[in-house]
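Q: I'd like to learn how to read charge pairs and cores in a model like this one. Can we walk through it together?

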Amino acid sequence: MSTEEEGLTLRTIKLPASLEMIALVGQADSIWHAIEAAAEPAVLHLRGDVITVRGQASAARAATALISELIAILSGGGALALDDVSRVAAMLQDTANSADGTGGLAPAQILTQSILSARGKTVRPKTLGQKRYVDAIENNTITFGIGPAGTGKTYLAMAKAVKALQDKKIKRIVLTRPAVEAGERLGFLPGDLQSKVDPYLRPLYDALFELMGAETYNKYLERGNIEVAPLAYMRGRTLDDSFIILDEAQNTSREQMKMFLTRLGFGSKIVITGDITQIDLPPDKTSGLRDAMRVLDGVPDIAICMLTSADVVRHELVSRIIEAYDSKGRGNARGQTPGAKSQAPDAKRQAPGAKRRGPGAAGRLPGAGGREMRGENPSGAPNQSNDRA
């Protein structure tokens, strides 16, 4: 309901009888306070089961749309978290700015899509990019999920794999990673071969334990329904009726990527995840992930999904850090101090008696020209990657 009063618009929203108030307002009104902040400059009042929205027409309309979407999420069986409020508000803003801001989908349609329910929690996509990624996995045999840390690349793929195993669409899950150190030399690790590779595969174990629980994981592992192995173990195999996930694919070589992709058997799916901004390979090696993006673009039944900082679902600072590195890191990739000039005013002057160098030699550092920087920081050391997703 909407009325006009002294240039302000007054709207009222009646909550459904089936909706528990605590689900909307949160513990200690934490979610309600977030809703009030997101609705500004409109002013909200909650009395009984009626919410009143007062403000200029556009502000009142936006606040009403936000509350309606949150109610729709709850009515669809979803639960609200504190960060869902800002996500829904951002989606509505994208829709207002662009006709295809959310791909024609309401935020409630995105946030109520269930992938897996396990251990008292439901795994759902939390952004439009994540929903497109999940849908691509469902509709294609091979899917690339490429994006920065925290975008849920690996976690969502694991949830889809566990769901497929539970529904008996596949017979096993195969998880693999290249055993590449993230800019450090760990030396010789103790134990047998499995103990040596376990540290590289720990993020995959962690995700499986969270999704399945240790007991269920061990049961599937003993039966051979789950296999976690380094990429080097994949050569010479054909994987039928499997859901295969290659994580940290940016650290594969071109040859490794081709080898992995050709392991595909009948009734199987492959999901390849990676972050092309965190490549830990030597500078003279081409990333297999970068190469595959170029070679396989446009091939039927292969989807390439690009996730961005807008899809980060970790602490809000993670998104800001990624954006800062993306916007400022490129200019300093070769070790130049921010704001410093590339050459001092007197750099071109030669000292008396100094020999004259050949044409074009002035101002160059030995070996500095033409080298591609892959995932390095200004000190020249490769960036570290620790992406749970």
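Q: How many salt bridges does the structure hold?
A: For a salt bridge, look for a side-chain nitrogen of Lys or Arg within 4 Å of a carboxyl oxygen of Asp or Glu. This is a predicted model, and it holds 13 salt bridges. Let's take a few of them.

Q: Where do Asp84 and Arg87 lie?
A: Start with the element, then count along the sequence. Both residues sit in helix α4 (residues 82-97), 3 residues apart, which is about one turn of the helix. Their side chains meet in a salt bridge at 3.9 Å, N to O.

Q: Are those two buried or exposed?
A: Here you need the cut-off: buried means under 20% relative accessible area. Asp84 comes out at 8%, so it counts as buried. Arg87 has a relative accessible area of 12%, so that side of the pair is buried too.

Q: Which residues are linked in a network of salt bridges with Asp84?
A: Always check whether a pair has further partners. In this case Asp83, Asp84 and Arg87 are linked in a network of salt bridges.

Q: What does Asp241 form a salt bridge with?
A: Its partner is Lys171, and the closest N and O atoms are 4.0 Å apart. Now place each end: Asp241 is in the loop between β9 (226-230) and β10 (242-246), while Lys171 is in the loop between α7 and β8 (172-177), so the pair ties together parts that are 70 residues apart in sequence. As for accessibility, Asp241 is partly exposed at 29%, and Lys171 is exposed at 57%.

Q: Which residue forms a salt bridge with Asp247?
A: That's Arg177, with 2.8 Å between the closest N and O atoms. Asp247 belongs to the loop between β10 and α10 (254-261) and Arg177 to strand β8, so this bridge ties together parts that are 70 residues apart in sequence. Both Asp247 and Arg177 are buried.

Q: Let's turn to the cores. How many residues has the largest nonpolar core?
A: To read a core, get its size, then find its best-connected members. The largest nonpolar core has 37 residues, and Leu208, Leu211 and Val228 have the most contacts inside it. Next, ask which element contributes: helix α7 (residues 153-166) gives the most, with 9 residues.

Q: What does the second core include?
A: This core is separate and has 30 residues, among them Leu24, Val53, Leu66 and Ile71.

How values were computed:
Residues numbered from 1 in each chain as written. Predicted model: local features only at pLDDT ≥ 70, side-chain atom pairs only at ≥ 80, totals over all residues. Heavy atoms only, no water. Core = buried A, V, L, I, M, F, W, Y, C linked by side-chain atoms within 4.5 Å. Buried < 20%, exposed > 50% of the residue type's maximum accessible area, 1.4 Å probe, protein only. Helix = DSSP H or I, 4+ residues; strand = E, 2+ residues; numbered from the N terminus.
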